Amino acid sequence: MKHHILIFSVFMLFAPTFVYGACSKQNLTRCLDSACAINIGSNPAARCQYCGSSSAGEPAKSTAMKSVSAGASAKYNISDKELKKAPKDPGERYVWATRLCLEKLKDCTTDDVTDNYDSLIEQSCKAAGISAEFANLSKKLTKTKSQSSCSEEINACIVNDKHCNSDYKKCESDSDFDKYFSQCSIESQGCETFLSDIRKSLISTRDSMFANANKLLQSIVAAYQKAREQKLAAAQNSCKNNAAKNDCVKRVCANNMKNKCASGHEVEKSMAENLCLFYDTACARLK
């Protein structure tokens, strides 16, 4: 993270000439710290937050703000009065602080600032990142929920079409179920305490659903089987004493013969019997 180009460009405008000598790196650091390292003792991310990057977050507000540069070199510090005019943006504040410090320390240059202070800001930004990660982890760990809310949340995730589906068809095996349950558990933060009980409950729900589905299927199969058996029994009964064939002949005579197969019209009756011969074949097979 180099600010050298930006700072150098600014000072090409503000200071056309410099008298180069022995720059006190200690005093330069203290001067910059008076604007960029406020309360750094309790906030290692201060340099990054004040003069590094806005992504590091805002510095914690404190009623007792202290600079690390207080002491014998206070004459090089940026005063409290001057700090009231400091820019809020970290990058702009760094340029602003550098300008003031180089005015106080005539022997120092922008190269001295870049070479000595950029590395301190980088270290602070690393501390800011670590602090943010711990804060986020702590937030996750302390975010607890009730067992009922966790159960509802994980159940909604499990029955999603992308996971087990509402009928659990994608989770018939325990390995598939555990894969999706693990994914849903990770997404449901703060439920770690209840995961074992929730898993048992969902497994029981899945098994009951499959058991009920099998019972329903078996009842449907049994109903069709009974219906077939009843039809077969009825067909076999209709074959006794040629009852079905005789009924067929009567219908043909009544509906299709001119003289209704009346006495003296044996030809019509013979034709009707021939049309109903298929009953002989069918009944022979049913025996």
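**Exercise 1. Which cysteine forms a disulfide with cysteine 248, and how far apart are their sulfur atoms?**

Before we start, a word on the model: it is predicted, so local features need pLDDT of at least 70 and side-chain atom pairs count only at pLDDT 80 or more, while totals for chains, interfaces and linings use all residues. Residues are numbered from 1 along each chain as its sequence is written, and side-chain values use heavy atoms, with hydrogens and water left out.

Solution.
- Step 1: Look for a pair of cysteine sulfur atoms within 2.5 Å, the cut-off for a disulfide. Cysteine 276 is the partner of cysteine 248, with the sulfur atoms 2.0 Å apart.
- Step 2: Take the handedness from the torsion. It is about -80 degrees around the S-S bond of cysteine 248 and cysteine 276, so this disulfide is left-handed.
- Step 3: Place the two ends, with helices taken as DSSP runs (H or I, at least four residues) numbered from the N terminus. Cysteine 248 sits in helix H10 (residues 243–256), and cysteine 276 in the loop between helix H11 (266–275) and helix H12 (278–286); the pair links distant parts of the chain, 28 residues apart.
- Step 4: Check burial, where buried means under 20% relative accessible area, exposed over 50% and partly exposed in between (1.4 Å probe, protein chains only). Cysteine 248 counts as buried at 7%, and cysteine 276 is buried at 0%.

**Exercise 2. Find how many disulfides the whole structure has, and examine two more of them.**

Solution.
- Step 1: A search of the whole structure gives ten disulfides.
- Step 2: One of them pairs cysteine 31 with cysteine 101, at a sulfur distance of 2.0 Å. The link of cysteine 31 and cysteine 101 is left-handed, with -95 degrees about the S-S bond.
- Step 3: Cysteine 31 belongs to helix H2 (residues 25–36) and cysteine 101 to helix H5 (residues 90–104), so this pair ties together parts 70 residues apart in sequence. Both cysteine 31 and cysteine 101 are buried.
- Step 4: Another disulfide joins cysteine 157 to cysteine 184, S to S 2.1 Å. With -80 degrees about its S-S bond, the link of cysteine 157 and cysteine 184 is left-handed too.
- Step 5: Cysteine 157 lies in helix H7 and cysteine 184 in helix H8, so parts 27 residues apart in sequence are tied together. Cysteine 157 counts as buried at 12% relative accessibility, and cysteine 184 at 0%.

**Exercise 3. Test the length of helix H7 and work out which way its buried residues point.**

Solution.
- Step 1: The expected span is 1.5 Å times one less than the number of residues. For the twelve residues of H7 (residues 147–158) that should be 16 Å, and the end C-alpha atoms are 16 Å apart, which agrees.
- Step 2: List the buried residues of H7: Cys150, Ile154, Cys157 and Ile158.
- Step 3: Look down the axis of H7. Its buried residues fall within an arc of 100 degrees, so they line one face of the helix; the arc is that of the directions from the helix axis to the C-beta atoms.
- Step 4: Find the neighbors, taking contact as heavy atoms within 4.5 Å. The buried residues of H7 pack against helix H8 (174–187) and helix H9 (195–239).

**Exercise 4. Compare salt bridges within one helix and between helices.**

Solution.
- Step 1: Use the cut-off: a side-chain nitrogen of Lys or Arg within 4 Å of a carboxyl oxygen of Asp or Glu. The structure holds seven salt bridges.
- Step 2: Within a helix, arginine 99 pairs with glutamate 103, the closest N and O atoms being 3.4 Å apart. They are four residues apart in helix H5, and therefore separated by about one helical turn.
- Step 3: Between helices, aspartate 174 pairs with arginine 206, with closest N and O atoms 2.8 Å apart. Aspartate 174 is in helix H8 and arginine 206 in helix H9, so the bridge ties together parts 32 residues apart in sequence.
- Step 4: Aspartate 174 is partly exposed at 44%, whereas arginine 206 counts as buried at 4%. Salt bridges with shared partners join Asp174, Arg206 and Asp207 into one network.
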